[in-house]
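Reader: I am new to this structure and would like to learn how to read it feature by feature. Could you take me through it slowly, with the general idea before each case?

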Amino acid sequence: MNQSSATASGTLYVVATPIGNLNDITLRALEVLNQCDLVACEDTRHSMRLFQAHGITTKTVALHQHNEAKQSHKLIERLINGDDVALVSDAGTPLISDPGFPLLGLAHENNIKVVPIPGPSALIALLSVAAINTQPFVFHGFVPPKSKQRVAEFVSWLETTATHVYYESSHRIVASIEALIEVFGETAEVAMGRELTKTFEQIFTGTAIELLQLVESNNNHQKGEFVLAVLNKKPAVSDEIGSQPAALIAQLMPLLPPKTVAKVVADHYGLNKKQVYNFILRQATT
Ligand code: SAM
């Protein structure tokens, strides 16, 4: 594909591919995939479906998390020798919770020309339709799999004003929504995209408790691939609970679980239990 002199390096194209609907591919992506010398795929068999649908016959090689350290060096050799290489993942944009970081690092180190071929990404697809605040938004990749880490992860964002976006799988979607509720509250503004661009696409915007009810109301709503977004608003100074309740919390925390402390302190000072509990969670992160 490279028309310049034989010694010039090739170009590394980072090509976004569909997240479900095989027609979601740009004309430029098709051109690059057809004309490059080699396509590095996260899973060559998976990409074959897309290639067959669009008549792409370019040679492929696997580049996944288990071989990318070694494979990246081989691909850099090819690029240095003048071949054009395209990188694709199983779905969406490479490097967005997908392999490719070592390859791109080496490409930059070796002054290889790198060209993005932009296209779908599940997180952007959800944010584009959810009507949840997108400025600022923070993308965190997958929700941590273990319950303690999951809660700690969400708690660490309590001091921000931002929409936090996560990827989640069908196995843990209910647990993750429950953790969202525990940390951000039942009325937190959330959005969910399930099976985006696919036959059973489902898009939801509303409160966290409504989302839990929706997902639990039908087992089919727990199937497939998910993007979750939650809007956290940093508490205003007026949400602070005052020095006396804070002092009682400090005394009780070594003795009682946080939820019990929140109840005791809220009852004692006539405060809102959720407000006190959030205060306790915020203290834990600072
Ligand atoms: N690189 C991809 C991108 O740009 O979106 C993401 C790859 S990551 C390994 C896969 C995760 O993305 C899935 O587990 C799911 O959380 C999310 N995802 C991918 N496709 C999706 C879709 N069609 N609908 C909803 N979420 C999707």
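Reader: Let me begin with a single residue: in which strand does Glu168 lie?

Author: Please keep in mind throughout that this is a predicted model. Glu168 lies in strand β7, and β7 covers residues 162-169.

Reader: Is Glu168 buried or exposed, and with which side chain does the side chain of Glu168 make a polar contact?

Author: Burial is judged by relative accessible area, and a residue counts as buried when that value is under 20%. Glu168 has a relative accessibility of 2%, so this residue counts as buried. Its side chain makes a polar contact with the side chain of Ser176, at 2.6 Å.

Reader: Which polar contacts does the side chain of Ser89 make, with Ala91 and with Asp98?

Author: Begin with the place of the residue: Ser89 sits in the loop between β4 (85-88) and α4, and with a relative accessible area of 2% Ser89 is buried. A polar atom of the Ser89 side chain lies 3.1 Å from the backbone oxygen of Ala91, while a polar contact of 2.8 Å links the Ser89 side chain to the side chain of Asp98.

Reader: Turning to cysteines, how many disulfides does the structure hold, and why is Cys36 not bonded to Cys41?

Author: The general idea is that a disulfide is a covalent bond between the sulfur atoms of two cysteines. The structure holds zero disulfides. For Cys36, the closest cysteine sulfur is that of Cys41, and because the distance is 9.2 Å, the two are too far apart for a bond; the cut-off for a disulfide is within 2.5 Å. Cys41 is likewise in no disulfide, its nearest cysteine sulfur being that of Cys36. As for burial, Cys36 is buried at 6% relative accessibility, and Cys41 is buried with a relative accessible area of 0%.

Reader: How should I read the largest pocket, and what is its volume?

Author: A pocket can be read by its volume, then by the residues that line it, and then by the parts of the chain that supply them. Here the largest pocket has a volume of about 770 Å³. Its lining is made of 33 residues, and those that lie nearest its centre are Ile19, Asp90, Ala91, Gly92 and Glu225.

Reader: Which elements give two or more residues to the lining of the largest pocket, and which gives the most?

Author: The elements that give two or more are α2 (44-54), β7 (162-169), β8 (189-194) and β10 (225-232). The most comes from α2, which gives four residues. Both domains take part as well, since the lining draws at least three residues from each of domain 1 (11-120) and domain 2 (123-232).

Reader: What classes of residue does the lining of the largest pocket have?

Author: By class, the lining has 12 nonpolar residues, 12 polar residues and nine charged residues.

Reader: Where is Met48 found, and how far is Met48 from Pro99 in space?

Author: Met48 is found in helix α2 and, at 29% relative accessibility, counts as partly exposed. Met48 and Pro99 are 51 residues apart in sequence, and their C-alpha atoms are 18 Å apart in space.

Reader: What are the corresponding distances for Leu75 and Val61?

Author: Leu75 and Val61 are 14 residues apart in sequence and 9.4 Å apart in space, C-alpha to C-alpha. Leu75 belongs to helix α3, residues 68-80, and is buried, with a relative accessible area of 2%.

Reader: Let us finish with the backbone: what is phi of Asn111, and which residues does a cis peptide bond join?

Author: The background is that most residues other than glycine have a negative phi, and most peptide bonds are trans. Asn111 has a phi near 55°, a positive value in a residue other than glycine; Asn111 is found in the loop between α4 (101-109) and β5 (113-117), where it is exposed, with a relative accessible area of 70%. Thr197 also has a positive phi, near 70°; Thr197 is in the loop between β8 and β9 (202-207) and is partly exposed, at 26% relative accessible area. The cis peptide bond joins Gln135 and Pro136, with omega about 0°, and Pro136 is found in the loop between α5 (122-129) and β6 (137-142).

Note on methods. Residues are numbered from 1 along each chain as its sequence is written. This is a predicted model: local features need pLDDT of at least 70, side-chain atom pairs count only at pLDDT 80 or more; totals for chains, interfaces and linings use all residues. Side-chain values use heavy atoms; hydrogens and water are left out. Buried means under 20% relative accessible area, exposed over 50%, partly exposed in between (1.4 Å probe, protein chains only). On a 1 Å grid over the protein atoms alone, a cavity is a set of points where a 1.4 Å probe fits but cannot get out, and a pocket is an open set with protein on both sides within 12 Å along at least five of seven lines; lining residues have an atom within 4 Å of a point. Grid points are joined across faces, edges and corners, and a volume is the space filled by probe spheres set on the points. Ala, Val, Leu, Ile, Met, Phe, Trp, Tyr, Cys and Pro count as nonpolar, Asp, Glu, Lys and Arg as charged, and the others, Gly among them, as polar. Domain bounds come from an automatic or database domain assignment. A polar contact is a pair of N or O atoms within 3.5 Å; within protein, one must be able to donate a hydrogen and the other to accept it, and residues adjacent in sequence count only if both atoms are side-chain atoms.
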